[in-house]
Structure formats: structure tokens, C-alpha cells
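Biologist: I am new to this structure and would be grateful for a close look at a single part of it. Please describe one residue and its surroundings, and then turn to a sheet elsewhere in the chain.

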Amino acid sequence: MISLYHFSTHSATHPVDKFSGLGYTMMVIIEFFMPIKLYNTMSRQIEEFKPIKKGRVGLYTCGPTVYNFAHIGNLRTYVFEDILKRVLKFNGLKVKHVMNITDVGHLTSDADEGDDKMEKGAIREGKTAWQIADFYTEAFRSDMQELNIEEPDIWCRATEYVKEQIGLIKKLEKKGFTYQTLDGIYFDTTKLADYGKLANLKKQDLRAGVRVGVGDKINPADFALWKFSPPLVKRQMEWDSPWGIGFPGWHVECSAMATKHLGQPFDIHCGGIDHVPVHHTNEIAQSEAAEGTALANYWMHGEFLIIANGDKMAKSGDNFLTLQVLKNKSFGPLSYRYLLLQTHYRKQLMFSWDAVASAQTGLERLVNAIAHIPTVVDGAQEKKFIEQFISLINDDLNIPEALGLLWNALNKKIIGQKTAFLIDEVLGLDLKRQIARLSEPKSDLPDSIKMLIAERDRARANKDWRLSDELREKLETLGYNVKDTNDGAVVTSNFVS
């Protein structure tokens with residue numbers, strides 16, 4: 001990995017961009033090796049990351065089931081994966097990132113029982129399953145953009161890879177790992193000696209399996225590879241197969257799509273911590289049974305977002321908060337990202353409105369602090385800061401300490417904007433754009449409207465969200481759009497001149 005930065009000045013004739021001040025430019029002139037260390041769920045220890053192909057990384061991240069909006073707990077996982085990807089790229093590695101879109105096959109129970117979540121979403125909203133998938137896929141991509149999460153190189157919709165999934169099931173069938181029941185084709189987990197190794201299920205006496213229904217499965221932990229369409233029922237999403245009309249199981253999708261684009265084994269597989277005991281355990285089982293090799297060399301998982309009563313956030317509960325809910329309460333998406341960066345991805349994070357408000361204030365302070373430092377600071381302390389920053393982010397993505405290091409450097413005035421923008425390639429806070437917006441001209445507004453805006457700003461400062469919402473509605477009734485940002489409220493008129 002190549003990563004040591006030195007700063008030098010160019011002559012005054014050097015082209016000056018918007019943020020280069022007197023024409024300083026940053027040059028990478030020294031090389032040194034800084035290993036990346038990552039916690040591998042499979043080994044349960046931090047390991048030095050060694051890619052299969054030198055200079056290249058194959059990364060697969062489990063994407064959303066697009067039957068509803070992603071909640072902010074889901075989004076915490078995608079921010080962690082974005083940080084991982086940015087750190088790998090910052091170290092000079094070329095990342096091939098693949099993410100799935102589950103638009104069929106994810107049932108409402110891990111027991112392979114209940115309705116398909118897509119069909120259930122279609123009934124809930126009076127739309128087709130395909131319309132539901134398209135709408136919530138775009139909603140998810142919008143959330144990613146607002147959180148400044150880089151999109152994957154390849155999006156995989158499960159419905160577009162049914163052929164590959166059938167091929168994988170046929171391979172398992174040929175090798176004797178499957179059996180048929182009244183409702184589908186199942187994987188026999190007893191045929192795999194180390195089934196459950198990711199979640200350490202053997203030591204738990206397969207307790208993760210006993211919580212699922214058995215039906216006419218042979219073993220409680222066995223899982224569906226292909227589900228038959230119910231008799232006399234026409235599903236919106238179903239396909240012909242060697243075993244009958246039906247649809248693929250949730251787990252087989254990821255295995256088929258990951259290996260299609262990354263091969264087997266590939267480097268890193270990511271997801272939420274809730275994927276460990278069932279989804280990722282079953283991915284590993286079917287993939288290793290089919291190919292005789294590991295599916296991925298490194299498994300990484302993000303921890304839960306916890307609400308006040310200690311529950312994890314879930315779509316099935318009353319704690320289902322979306323990014324839009326945060327925006328409605330005048331919190332910017334990047335403020336939420338900043339909140340997430342303050343806790344290590346492997347630690348549970350307690351969510352509260354006070355925490356989001358504090359993060360928004362902190363991000364505003366950070367933007368203003370960086371806006372008022374020189375473009376370049378030429379000195380040994382700045383170079384030392386870069387080395388320390390890389391050491392922290394390469395230590396299992398220690399972003400919280402890296403943020404603390406950044407604040408310390410800003411307080412001591414030992415780094416310039418060039419360095420701040422450089423490290424933002426990892427943090428993803430879009431600092432350059434936010435600083436540019438500080439200098440944008442403000443629209444002329446009537447004094448009465450300015451008074452309402454000032455009153456609303458005071459309400460926000462006092463965390464009086466009810467009054468803040470009432471004032472927003474009043475402004476909109478008077479013909480003014482209100483958009484809350486990390487730099488304050490931006491108010492524009494609806495009137496056409």
C-alpha cells in the first residue's frame with residue numbers, strides 16, 4: 001500500500017483551482033508500507049489484509065431487500081462498508097465492489113415460512129411487486145447519495161440472475177447436498193461437517209437453528225434453495241425450474257451473484273451483524289459445498305444501532321426511523337454520517353435525538369474550522385499527522401480516533417485544507433462542497449420571513465422540534481421552501497417573478 005504525503009509549493013504561475021489559495025499543491029513523493037488490519041468474523045481476530053490479486057480487491061456487500069425504505073440502522077451498515085471501501089482505495093488498491101438488490105425470495109421468517117416480502121409489500125401498497133422493487137431501489141440509492149456513500153461498481157438484482165441460481169442448486173443436487181419437500185428444495189446441513197462455523201453454531205448446539213420452524217424439513221437448520229409457488233396461487237414473481245414453478249431462496253441469491261462477478265474465493269464479504277447466524281452461515285455452506293473452496297477470505301460485519309429501550313432497529317417494530325424522518329426534524333444526512341463515524345463499526349451505537357443534534361453541531365464546527373485554515377501548511381508536523389491518520393484507519397477502520405486526531409490537528413493549526421480534503425476521501429463528509437456553500441450568496445427575503453426563519457433557528461437550537469416543524473409549515477404555507485443543511489436553513493421563494 002502506498003501512502004506517505006509530502007507538501008511542497010509551486011511557483012505563482014501554477015494554475016490555481018477554487019481551493020488552492022496561493023497555488024500550493026500536494027505531491028505524493030515518498031512511499032512506505034502500512035499494512036491494513038481488519039477484524040475477520042470467521043477467525044474472530046484482527047488479521048493483516050492480503051488480497052488474492054496484488055493491488056486488487058473483490059468486495060461483496062449484502063444490499064437491501066427492496067420492499068420498504070431502509071431504516072437508519074440498515075444505513076449504518078452501508079456507511080461502514082463505504083468507509084472500508086474508501087480506506088482500501090486510499091491505500092492504492094483497486095476495488096471491484098458488487099452489491100445485490102434482493103427483489104425476490106426474502107421471506108418474512110428465517111424459517112423459510114411466511115410471505116415473500118416483495119409480494120407482501122405489493123399487497124400493502126396496491127402495486128405490483130415489480131413496481132415496489134423499482135420504487136424502493138431508487139429510494140435506497142437516493143439515501144446512499146445523501147449520505148455520500150459511493151455506489152458499487154456492479155448492482156445485482158436477484159430477479160436478473162435466476163439462471164445462475166438454478167445452476168448453483170443443480171450443482172448442489174448433483175453433489176448430494178439437497179432434498180425435496182412439499183414446498184421446495186432444501187440444503188441438508190448435516191452433509192457439511194463444519195456447517196455453522198462463521199457463527200460458531202456447533203458450540204451453541206445449533207441454537208440458531210432451533211428457533212426456526214421445521215415443517216417437513218429433515219433438520220431444523222436446513223434452508224430453502226428453491227421454493228415452490230403455492231398450489232392454485234399465481235405469484236407475481238415466479239420462474240420455471242427443473243423442480244417446478246417457484247422462486248429462489250434468499251441465501252442462494254448472494255452466492256450465485258457474488259461468484260458470478262468476483263469468482264470464488266474472493267477477498268471480502270460484508271453485511272450487518274444480524275447476517276452472521278443465518279444468511280451468511282447459509283451462503284458459506286452452499287458455496288463451499290458447491291465449489292469445495294472458501295467463498296470469501298475475510299468476513300466483516302457492522303454492529304446494531306440501538307434505541308433507548310435497548311432494542312435493535314427493525315422494520316417490524318415501532319422504532320423504524322428513516323433518513324427522511326431525520327430530515328423532517330431538520331437534521332442533515334451528513335450529520336447522521338458524522339454521528340456514525342464517532343463509534344467504531346464493531347460497537348453497538350445508542351441512537352438518540354440529542355446525539356444527532358450534537359453530531360450536527362459538531363459537523364458544522366468542523367466545516368467552519370476547515371474553511372478558515374490555510375490551503376497548505378508546509379511542515380513536518382503535517383506529514384506526521386498524515387502518517388498517524390493512515391495508521392489509525394488501517395487499524396481495523398479506527399475512524400473515531402482518526403476524527404479525534406483531526407480535531408487535535410485543527411486546534412494546533414498544523415494541517416491545511418489540502419490535507420483536510422485528502423483525508424475526507426476516507427471520511428466522506430463532502431467537506432469541499434460544504435465549505436464552498438459557505439460563500440454562496442444568500443437570497444433577499446422579506447423582513448417578516450427573516451423573523452420567522454430566526455425564530456425557527458432558535459427553536460432548533462433549543463431542540464424544540466415541534467415548534468420548528470410548525471414554523472416550517474407556516475413558511476411553506478406563505479410560499480417558501482425550507483431545506484435544512486449542515487450550514488443552516490436554506491429558504492427559497494415559490495413565487496415566479
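**A leucine in its helix, and a parallel sheet**

Modeller: Leu406 has its place in helix α12, which covers residues 399-412. The model is a predicted one. Leu406 has a relative accessibility of 1%, and because buried means under 20%, Leu406 counts as buried. Which residues does Leu406 touch, leaving aside those up to four places away in sequence? They are Leu366, Phe385, Ile415, Ile423 and Leu427. One of these contacts, Leu366, lies 40 residues from Leu406 along the chain, and the C-alpha atoms of the two are separated by 9.5 Å.

The sheet may be described next. Five strands make up an open sheet with parallel pairing, and their order is β7-β6-β5-β12-β13. At its edges stand β7 (154-157) and β13 (296-302), each of which pairs on one side only. On average, neighbouring strands of this sheet are turned by 20° against each other, with direction ignored.

At the β13 edge, the pairing can be followed in detail. Strand β12 (residues 266-272) runs parallel to β13 and is joined to it by six bridges. Here Cys270 stands opposite Met300 in β13. A helix also belongs to this picture: α3, formed by residues 129-146, packs on the sheet and touches both β6 (94-101) and β7. The direction of helix α3 makes about 155° with that of β7.

Terms used. Residues are numbered from 1 along each chain as its sequence is written. This is a predicted model: local features need pLDDT of at least 70, side-chain atom pairs count only at pLDDT 80 or more; totals for chains, interfaces and linings use all residues. Side-chain values use heavy atoms; hydrogens and water are left out. Helices (H or I, at least four residues) and strands (E, at least two) are DSSP runs, numbered from the N terminus. Buried means under 20% relative accessible area, exposed over 50%, partly exposed in between (1.4 Å probe, protein chains only). Contact means heavy atoms within 4.5 Å. Two strands pair if DSSP finds at least two bridges between them. Axes are lines fitted to C-alpha atoms, for helices over the stretch in contact, and angles run from 0 to 180 degrees between N-to-C directions.
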